[in-house]
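Here's a protein model to walk through with the structure open on your screen. Could you rotate it as you read, and find each piece as it comes up?

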Amino acid sequence: EINWEALLEDYSDINLDEIVKPQPFTWGISSIDSKIGLFDYNKLIIVPWEAGSWKTTYTIQMAMENARNWMKVAYLSLEMGAKWLVVATAKKAAGIEMQTVVWKAVPISDTQKQLFADTVKEMTQLENLTLIGYAESLTLKSFEKELERLAVEYDLIFIDNLWFIGRTDSRSETELTPLITECCMNIRKNHRISIVALTHMTKGSEKQEWP
């Protein structure tokens, strides 16, 4: 018979946190990982690019790579529903114009159709990846509650994009931005998760300092 108490006493001075360290997150592209390194839990990463600069496509790829690495990933789209997020991403992956009806348009090649179908299948069936779309703009309070709820279950959360939070709160963007950032900072700290947040950057805001 095993003396469990004695066995546990022998290992009482071992710090399990030092032995079982969480796996870091990937940027989704190996060349970026090798140049700047992976990133760990408890990080808030802001991705400010202009509209139409493929930031959603890139971060979807990043989310999928982390899900393949057995991280639990949630992707929140505040701009579109989950279904349209999948369709739009698959069209870009296949090089298909957004306004094109995939299964009816003659100019689309069989290769493009297959790539479109493969992307849709992987995005909707990839284990550990959850796509969440919102039909209405979230208030700052409802966003905070939703983020708090998801932080309990997921390791990495993507938010696309911060510009759509609190648009019905009767506050200016200057007032909202530091409040939204503070909300993300507090939740990632309290739950030791990482958050990747996208936001629109206009040409006029290039010289502005992030609040």
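What follows starts with the overall layout, moves into the middle of the fold, and ends with the charged pairs.

Before anything else, keep in mind that this is a predicted model. The mean pLDDT of the protein chain is 84, with 83% of its residues at 70 or more. Confidence varies from element to element: helix H2 (residues 16–19) has the lowest mean pLDDT, 54, while strand S2 (residues 73–77) has the highest, 95.

Now for the layout. The protein chain holds 8 helices and 5 strands. If you trace it along the sequence, the pattern reads α-α-α-β-α-β-α-α-β-α-β-α-β. Of its 211 residues, 40% count as buried. Take the contacts between residues at least 6 apart in sequence, and 73% of them turn out to join residues at least 24 apart.

Let's go to S2, the strand with that highest mean pLDDT. How many of the residues of S2 are buried? The count is 5 of the 5, so the strand is largely enclosed by the rest of the structure. Look at where the side chains go: Val73, Tyr75 and Ser77 point one way, Ala74 and Leu76 point the other way, and all are buried.

S2 also has strand partners. It pairs with strand S3 (residues 129–133) in the parallel sense, over 5 bridges. To find your place in that pairing, look for Ala74, which stands opposite Thr130 in S3. Strand S4 (residues 156–160) runs parallel to S2 as well, and 5 bridges join the two. Here a handy marker is Leu76, whose bridge partner in S4 is Ile159.

Next, the nonpolar packing. In soluble globular proteins, nonpolar side chains tend to be buried together. In this model, the largest nonpolar core has 26 residues, and those with the most contacts inside it are Phe39, Val73, Tyr75, Leu129, Leu131, Phe158 and Val196. At least two residues of this core come from each of strand S1 (44–49), helix H4 (55–68), S2, helix H5 (82–94), S3, S4 and strand S5 (194–200). H4 supplies the largest share, 6 residues. Apart from this core lies another one, of 25 residues, including Ala74, Leu150, Ile157 and Ile193.

Want a single residue to click on? Try Leu129: leaving out residues up to four places away in sequence, it touches Ala63, Met64, Ala67, Val73 and Met123.

That leaves the charged side chains. A search of the whole structure finds 4 salt bridges. In one of them, the side chains of Arg68 and Glu122 meet at 2.7 Å, N to O. This pair links distant parts of the chain, with Arg68 in helix H4 and Glu122 in helix H6 (residues 110–125), 54 residues apart. Are these two residues buried, exposed or partly exposed? Arg68 has a relative accessibility of 32%, so it counts as partly exposed, and Glu122, at 30%, is partly exposed too. The pair belongs to a network of salt bridges that links Glu65, Arg68 and Glu122.

Glu153 forms another salt bridge, this one with Lys72, and their closest N and O atoms are 3.3 Å apart. Here too the pair links distant parts of the chain: Glu153 sits in the loop between H7 and S4, Lys72 in the loop between H4 and S2, and their positions lie 81 residues apart in the numbering. Glu153 is partly exposed, with a relative accessible area of 42%, and Lys72 is partly exposed at 30%.

The last stop is Glu146, in helix H7 (residues 140–151). Its salt-bridge partner is Arg149, with the closest N and O atoms 2.8 Å apart. Both residues lie in H7, 3 residues apart, which is about one turn of the helix. How do the two compare in burial, then: which is buried and which is partly exposed? Glu146 has a relative accessibility of 16%, which is under the 20% cut-off, so it counts as buried. Arg149, at 49%, counts as partly exposed. Glu146 has a further link as well: a polar contact of 2.8 Å joins its side chain to that of Tyr134.

Note on methods. Residues are numbered from 1 along each chain as its sequence is written. This is a predicted model: local features need pLDDT of at least 70, side-chain atom pairs count only at pLDDT 80 or more; totals for chains, interfaces and linings use all residues. Side-chain values use heavy atoms; hydrogens and water are left out. Helices (H or I, at least four residues) and strands (E, at least two) are DSSP runs, numbered from the N terminus. A polar contact is a pair of N or O atoms within 3.5 Å; within protein, one must be able to donate a hydrogen and the other to accept it, and residues adjacent in sequence count only if both atoms are side-chain atoms. pLDDT is the predictor's confidence in each residue, from 0 to 100. Buried means under 20% relative accessible area, exposed over 50%, partly exposed in between (1.4 Å probe, protein chains only). Two strands pair if DSSP finds at least two bridges between them. A nonpolar core is a set of buried Ala, Val, Leu, Ile, Met, Phe, Trp, Tyr and Cys residues joined through side-chain atoms within 4.5 Å. Contact means heavy atoms within 4.5 Å.
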